[in-house]
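Here are a few short exercises to work through with the model open in your viewer. Try each task before you read its solution.

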Amino acid sequence: MQILSIVLAAGQGKRMKSKLYKVLHPVCGKPMIGHVMDVLENIKVSRTVVIVGHGAEAVSGYLGTRAEYVLQAQQLGTGHAVLQAKDLLGNEEGITIVICGDTPLVKEETLKKMIEVHQVRHAAATILTAKLEQPHGYGRIIRNDQDHVIKIVEQKDCTEAEQKVSEINAGTYLFNNRSLFQALQQVKNDNVQQEYYLPDVIGILREEGKLIIGFCTEETEEAIGVNDRVALAEAEGYMRERIVRKHMLNGVSCMDPTQTYIEKDVEIGADTVILPGCILRGNTKIGEDCLIGPYTEMNNVQVGNQVTVKQSVLQDATVGNESSIGPFAYLRPGAKLGKRVKIGDFVEIKNATIDDDSKVSHLSYVGDATLGKNVNFGCGAITVNYDGFNKQLTEVGDNAFVGSNANLIAPVKIGKGAYVVAGSTITDEVQADDMAIARQRQTNKPGYAEKLRNKIQAKKNTPK
């Protein structure tokens with residue numbers, strides 16, 4: 001039986017008090033609706049219709065061809081929102097998942113189990129529920145003696161007895177598709193808000209003698225719908241805990257999970273150790289047997305095996321096997337390191353390729369450059385890559401030695417095996433195996449240091 005889905009994403013989200021459309025607020029680096037879509041795709045949903053309203057262009061711009069879209073021009077309630085999908089899905093056979101775009105914590109495993117139970121019990125509707133110690137504000141699930149759901153009662157309509165019910169409606173549903181759209185046409189808006197509520201479908205199906213069941217999740221955070229920044233932070237905390245736990249179960253050591261931030265799409269190999277204070281973002285992929293941190297930030301970084309990165313920042317960079325970075329290094333976009341490369345303290349690499357076994361050990365800048373194999377780039381040496389108008393390229397050949405505090409004025413080439421003497425400012429090409437010296441001849445003035453000190457002291461003592 002095919003599985004369909006309808007994602008409710010038309011609400012403006014006024015309580016977020018934000019210019020960003022609600023379902024696009026990120027949780028662990030991914031918009032909330034992105035998490036929902038990932039789950040639906042993982043369970044092989046055949047068609048997904050996203051109901052959009054406010055921010056329709058932003059939502060469709062983010063999701064692209066991952067979904068079909070229907071505009072709910074007027075927000076007249078959740079029932080009205082689902083009904084907008086009738087022209088696309090109304091004649092389909094199958095099970096339809098109705099889920100909110102602001103529920104990023106609903107799990108793939110939960111939906112799979114719901115579908116299984118729904119099919120085995122031949123239910124017309126299955127509701128995701130949770131039991132909360134403090135259910136105030138949520139719609140209550142009311143069951144009969146056979147444990148079937150007979151109705152959902154909103155908080156404002158609860159009797160004293162119903163208010164004591166701890167099982168709440170988590171807002172995710174499974175329906176037989178045809179039954180859903182037939183019932184939706186019978187929903188009324190005779191309430192204070194004059195809106196058409198999706199939970200009213202449950203009562204209609206019940207009156208028709210159809211079976212309604214509740215699937216109670218043991219992970220109560222799945223019931224969280226993000227309506228404000230407080231709930232957003234709460235969802236972020238739960239998601240971060242899940243992600244870190246998943247990596248640890250896959251063989252990654254996180255020395256302090258509470259001080260580790262890893263976004264959803266990050267991949268980490270077995271036996272890698274993540275020290276406290278690390279932030280791993282985007283499509284970062286880290287290999288096996290690495291040591292990362294403490295206090296290291298990576299965003300869209302590809303890291304090989306047996307790499308060490310200490311207290312550094314890496315953005316859109318690639319690091320080869322057995323390389324070491326930091327402490328306090330900065331790899332900017334376009335940095336590409338080969339195998340066994342050493343990038344030391346207070347080194348910045350930008351749009352540069354550094355080949356195997358080369359070293360940039362401390363206090364250097366390498367930008368818009370290529371360094372060959374086994375190059376030694378000395379302390380304080382820099383590539384002078386910007387002329388005020390354009391970025392220029394520096395090329396350093398294999399086995400070259402660039403001494404401390406050398407300035408390589410791009411565009412310039414340093415040949416294989418060449419030697420650049422410390423303190424030199426290189427403006428012309430250095431051929432292979434040549435030694436380049438480019439610094440002013442030193443001049444010593446005997447006894448002048450004492451004269452200079454006396455001159456400075458006299459100036460200090462002169463009244464202003």
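**Exercise 1.** Which residue forms a salt bridge with Arg453, and how far apart are the closest N and O atoms?

Solution. This is a predicted model, so distances come from modelled coordinates.
- Start at Arg453: the partner is Glu450, with the closest N and O atoms 3.0 Å apart.
- Next, place the pair: both sit in helix 10 (residues 448–461), and being three residues apart they are separated by about one helical turn.
- In general, an α-helix has 3.6 residues a turn, so residues three or four places apart point the same way.
- Finally, check the cover: Glu450 has a relative accessible area of 43%, which makes it partly exposed.

**Exercise 2.** Find the salt bridge partner of Arg47, and say which elements the pair ties together.

Solution.
- The partner is Glu68, and the closest N and O atoms are 2.9 Å apart.
- Arg47 belongs to strand 4 (residues 47–52) and Glu68 to strand 5 (residues 68–71), so the bridge ties together parts 21 residues apart in sequence.
- Glu68 is partly exposed, at 26% relative accessibility.
- For context, the structure holds 22 salt bridges in total.

**Exercise 3.** Decide whether helix 1 (residues 32–42) is largely enclosed or not.

Solution.
- Apply the cut-off: buried means under 20% relative accessible area.
- Count: nine of the 11 residues pass, so helix 1 is largely enclosed by the rest of the structure.
- Among the buried ones are Met32, Ile33 and Asp38.
- Asp38 also belongs to a salt bridge network with Lys30, Glu41, Arg66 and Asp265.

Key:
Residues numbered from 1 in each chain as written. Predicted model: local features only at pLDDT ≥ 70, side-chain atom pairs only at ≥ 80, totals over all residues. Heavy atoms only, no water. Buried < 20%, exposed > 50% of the residue type's maximum accessible area, 1.4 Å probe, protein only. Helix = DSSP H or I, 4+ residues; strand = E, 2+ residues; numbered from the N terminus. Salt bridge = Lys/Arg side-chain N within 4 Å of Asp/Glu carboxyl O.
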